[in-house]
Amino acid sequence: MPRPCRAGIAARRALGERLSEAAAAAWRAVPPADLRRPTRSRAEIAFARQAAIYFAHVIFGATLTRAGGIFGRDRTTARHACSRIEDQRDDHAIDRSIDLLEPAIRYWFAAFAAEGDR
């Protein structure tokens, strides 16, 4: 199988970013566009943004700088977001939700990326 070109890599990275954002926003029932606002916003939006940063970093391997940058945040804020989500995983319901979301996001990525390769 040939290696993807730079444009293909950029497209896959963008797909991962959008899936991280969409999954977190849908999970927490907030508008995806709110995750990119420069202000902290309401607690549920901040939590969804933290989850999206976590997904981008953990599932797609984005650096903390990149994961934070997707949402206009810096690396230290991204590190804090990932720590907060890890801490929240002590809550069984949140842990179970993330355990279900991670493979779903990976599946969606594989399906959409394959569609783009055609």
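**Note on an all-helical predicted model**

1. Of the protein's 118 residues, 36% count as buried. The model is predicted, and every remark below should be read that way.

2. Overall fold. The protein has five helices and zero strands. Along the sequence the pattern reads α-α-α-α-α. The radius of gyration is 14 Å, close to the 13 Å from the globule rule for 118 residues, so the protein is as compact as a globular protein of that length. Along the principal axes, the C-alpha atoms fill a box of roughly 45 × 30 × 25 Å. Among contacts with a separation of 6 or more, 58% join residues 24 or more positions apart.

3. The core. The largest nonpolar core holds 31 residues. Trp-27, Leu-35, Ile-53, Phe-55, Ile-98 and Ile-105 touch the most other members. Two or more residues come from each of α1, α2 (43-58), α3 (64-70), α4 (75-88) and α5 (92-117). Helix α2 gives the most, with nine residues.

4. Phe-55. Which residues does Phe-55 contact, leaving aside neighbours within four places in sequence? They are Ser-20, Ala-24, Trp-27, Phe-60, Ile-98, Leu-101 and Ile-105. Three of these names, Trp-27, Ile-98 and Ile-105, also appear with Phe-55 among the core residues that touch the most other members.

5. Aromatic pairs. The whole structure contains four of them. In one, the ring centres of Trp-27 and Phe-55 are 6.4 Å apart and the planes stand at 40°, so the pair is tilted. Trp-27 belongs to helix α1 and Phe-55 to helix α2, so this pair ties together parts 28 residues apart in sequence. Both residues are buried. Ring pairs also link Trp-27 and Phe-55 with Phe-47 and Tyr-54 in a cluster.

6. A charge over Trp-27. The charged end of Arg-28 sits over the Trp-27 ring. The distance to the ring centre is 4.9 Å.

7. Ser-20. Is Ser-20 buried or exposed? Its relative accessible area is 0%, under the 20% cut-off, so Ser-20 is buried. This serine lies in helix α1 (residues 6-28). Where does its side chain reach? The partner is the backbone oxygen of Gly-16, at 2.9 Å. Beyond neighbours within four places in sequence, Ser-20 is in contact with Ala-52, Phe-55, Ala-56 and Phe-60.

8. Points to check by eye. Start with the Trp-27 and Phe-55 rings, tilted at 40°. Then look at Arg-28 over the Trp-27 ring. Finish at Ser-20 and its 2.9 Å approach to the Gly-16 backbone oxygen.

Methods: Residues are numbered from 1 along each chain as its sequence is written. This is a predicted model: local features need pLDDT of at least 70, side-chain atom pairs count only at pLDDT 80 or more; totals for chains, interfaces and linings use all residues. Side-chain values use heavy atoms; hydrogens and water are left out. Helices (H or I, at least four residues) and strands (E, at least two) are DSSP runs, numbered from the N terminus. Buried means under 20% relative accessible area, exposed over 50%, partly exposed in between (1.4 Å probe, protein chains only). A polar contact is a pair of N or O atoms within 3.5 Å; within protein, one must be able to donate a hydrogen and the other to accept it, and residues adjacent in sequence count only if both atoms are side-chain atoms. Contact means heavy atoms within 4.5 Å. A nonpolar core is a set of buried Ala, Val, Leu, Ile, Met, Phe, Trp, Tyr and Cys residues joined through side-chain atoms within 4.5 Å. Rings of Phe, Tyr and Trp (its six-membered ring) pair if their centres lie within 6.5 Å; planes under 30 degrees apart count as stacked, over 60 as edge-to-face and the rest as tilted. A charge sits over a ring if NZ of Lys or CZ of Arg is within 6 Å of the ring centre and within 35 degrees of the ring normal. The radius of gyration is taken over C-alpha atoms; the globule rule is 2.2 Å times the number of residues to the power 0.38.
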